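Let's take a look at how the parts of this protein model touch each other. Have the sequence and the 3D view open as you read.

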Amino acid sequence: MAVIRFLRDKWFYLLLLVLALCLPLLITNRYHFQIVIMGCLFSIATLGMNLILGYTGQASLAHAGFFGIGAYGVALLMKGGLSFWVALPLSALIAAGIGFLIGLPTLRSRGSYFAISTMCFGVIVSIVAGNWIDLTGGYNGIVGIALPTPIHLPLIGSVGFQTQVAQYYLVLAFLLLTLFIMHRLVHSLLGLSFMAIRNNEALAGSVGINTFAGKILSFVVANFFAGLAGGIYASLMGAISPSTASLDLTFNWLIFLLLGGAATLAGPVIGAFVIPVTMEYLQSLAEYRLIIFGALLIVVIIYFPRGVMGAVGNLRQKVRDFYDRKKGAKGAAAG
Amino acid sequence: MQLFFQQIFNGVMLGSTYAIVALGLTLVFGILQIPNFAHGHLYMLGAYITFFLMTLYGFGFWSALVTSMVALGLIGMLIERVVYRPLQDRPHINSFISAVGAMIILETSVIVFWGPQGRRIPNPYPDMVELFGITMSHQRLLVIVAAFVLIFLLQIFIKKTTPGTTIEAVAQNREGAMLVGINVNRVSSLTFAISTATAAAAASLVAPIFMISPTMGALLGMKAFVIVILGGVGSIPGAILGGYILGILEAIGGGYLSAAYKDVYAFGALILILSIRPTGLFGKEVS
């Protein structure tokens with residue numbers, strides 16, 4: 001019974017999962033496949049941003065800075081001879097640790113103040129990456145970063161990551177892991193306390209939530225996932241530069257998040273896939289598509305402030321209301 | 001010592017532009033509560049309009065500057081009406097996203113229509129003077145003096161004229177201003193027009209000294225936000241003082257420490273100061 005109920009409730013997600021697993025059979029074009037891989041990576045980064053911005057209500061604009069820290073961390077540690085599987089968690093932890101140190105002063109400020117001070121930190125990261133030539137290679141960046149170290153599985157044997165398909169399954173696994181952790185987190189008491197801070201910080205404090213600790217924790221976890229995405233990015237791309245930490249990237253994720261739907265788990269993923277794919281379809285419009293995109297952003301934020309997921313939610317509510325009314329009408333007729 | 005005074009002079013010149021731009025931003029951000037992240041991009045557009053008026057249509061420097069101010073004032077009013085007014089009562093982050101949209105539109109339009117390369121406005125006053133061993137070009141002196149005059153005029157406007165006092169009234173108490181019959185929407189339009197027109201003036205004044213390019217606005221806009229926050233949101237003296245301090249800080253730091261890291265000083269100072277005073281140096285205590 002439990003299995004049937006599980007299937008009935010979650011069939012949509014299972015279908016999506018099967019589709020995602022079969023995707024390499026459907027997409028044969030290398031370029032398109034690359035877009036899908038980047039979509040998975042940016043989904044992880046955007047999900048991290050969603051935790052601090054969407055669920056906790058603090059608009060951090062340092063996200064690409066932490067993505068960059070993760071990327072440079074993996075690049076430098078792997079150049080230093082560490083395995084990818086050691087370098088990646090280490091770099092994500094470094095990003096989280098720096099996030100803790102930066103969160104201590106910046107999270108004391110609120111609203112736009114917090115947004116601007118984190119934006120300043122993000123800009124500092126990219127300036128330092130461009131000028132600390134001995135460590136980061138300056139504006140030329142670091143090239144020739146190795147692919148993820150092959151892993152040994154019990155039955156299949158050694159799995160390398162030279163092929164795009166293998167890389168895709170790698171990022172998909174990390175995306176599913178991120179989604180799982182985020183799902184557990186936002187549905188826990190801790191997640192509820194984050195949302196309480198977002199909705200009314202003073203009230204949350206008065207019912208005994210340590211709001212500052214909550215904000216710090218959310219910021220640290222968000223930056224851990226930014227660093228994680230950055231680390232995978234560095235290894236898969238093989239080359240990074242200060243633009244890996246640029247503010248433009250933060251703005252991109254912000255747009256993915258807001259258009260997809262903040263404070264939902266599906267929203268960031270939808271945004272991170274739909275927008276880049278749409279941009280590809282509009283390739284013929286060249287530079288003009290950015291103008292259209294900017295205009296679209298303004299229209300969406302004015303008329304659909306909760307993004308795609310908000311619009312879907314409204315639609316579902318309307319359909320449900322319609323059925324309820326129909327049922328109600330039938331009941332009244334029978335009675 | 002000569003290097004020191006030379007850097008101070010450059011710092012004051014740089015600070016003059018920062019002060020004007022931050023002044024415009026503090027009006028809309030502090031007084032109307034609109035985080036206009038596109039301010040730096042409007043500044044950039046002002047420089048471009050001056051450039052094209054001078055090179056394509058044969059305007060003189062001053063007539064181009066005034067026309068550019070008027071044009072930007074109108075564009076500012078348009079942006080307030082289309083981009084920000086519908087979001088008036090929503091959370092800050094929404095206006096912020098809207099501003100990112102405006103930023104993308106402005107920057108890409110300039111790249112598409114006029115190309116990504118840097119351009120230089122012909123310098124109207126190329127002569128130099130030497131005073132106590134400091135080299136000063138006439139254009140740089142002009143920037144300092146013009147900034148001074150502009151700030152002075154703006155102060156008189158806000159303190160002494162009726163439209164100016166309505167801006168202050170809205171800043172002090174929005175509902176109260178409505179109750180005494182002030183049209184708050186009209187005040188918003190007016191404030192935006194002043195803010196963007198002064199940004200255009202600042203951009204046109206320094207355009208003959210630095211190159212103009214589509215990306216010049218982004219960093220300046222960010223610095224303007226730093227100044228506004230350090231000086232206290234909504235504080236006009238704070239914005240002016242903060243502008244000059246940042247200009248001098250950058251010139252001294254760039255001259256003595258490292259030119260590559262000159263932007264780090266401003267941003268680092270902000271994080272440091274906000275950690276001690278979360279509402280800025282001269283900011284009021286608000287939650």
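Start where the two chains meet: between chain A and chain B there are zero salt bridges, a salt bridge being a side-chain nitrogen of Lys or Arg within 4 Å of a carboxyl oxygen of Asp or Glu. Polar contacts between chain A and chain B also come to zero residue pairs (both at pLDDT 80 or more). A polar contact here is a pair of N or O atoms within 3.5 Å; within protein, one must be able to donate a hydrogen and the other to accept it, and residues adjacent in sequence count only if both atoms are side-chain atoms.

A quick word on the ground rules. This is a predicted model, where local features need pLDDT of at least 70, side-chain atom pairs count only at pLDDT 80 or more, and totals for chains, interfaces and linings use all residues. Residues are numbered from 1 along each chain as its sequence is written, chains are lettered from A and ligands numbered from 1 in the order in which they are written, and side-chain values use heavy atoms, with hydrogens and water left out.

So what does the chain A side look like? Helices α4 (84–106), α5 (111–131), α11 and α13 (288–303) of chain A each give two or more residues to the side that touches chain B, and α5(A) gives the most, with twelve. Helices are DSSP runs (H or I, at least four residues), numbered from the N terminus. That side of chain A divides into 28 nonpolar, six polar and three charged residues. Ala, Val, Leu, Ile, Met, Phe, Trp, Tyr, Cys and Pro count as nonpolar, Asp, Glu, Lys and Arg as charged, and the others, Gly among them, as polar.

Chain A has an internal interface too: an automatic or database assignment splits chain A into domain 1 (30–292) and domain 2 (304–335). Their C-alpha centres lie 37 Å apart.

Here are both interfaces, with contact meaning heavy atoms within 4.5 Å and buried area meaning the accessible area (1.4 Å probe) that two parts lose on being put together, summed over both.

| Interface | Residues in contact | Buried area | Carbon and sulfur share |
|---|---|---|---|
| Chain A and chain B | 37 residues of chain A, 45 residues of chain B | about 3,500 Å² | 82% |
| Domain 1 and domain 2 of chain A | eight residues of domain 1, four residues of domain 2 | about 390 Å² | 70% |

On the domain 1 side, A:Leu258, A:Leu259 and A:Ile270 supply 52% of the area buried against domain 2 of chain A, more than any other three residues. Between these domains there are zero salt bridges, but one residue pair is in polar contact (both at pLDDT 80 or more).
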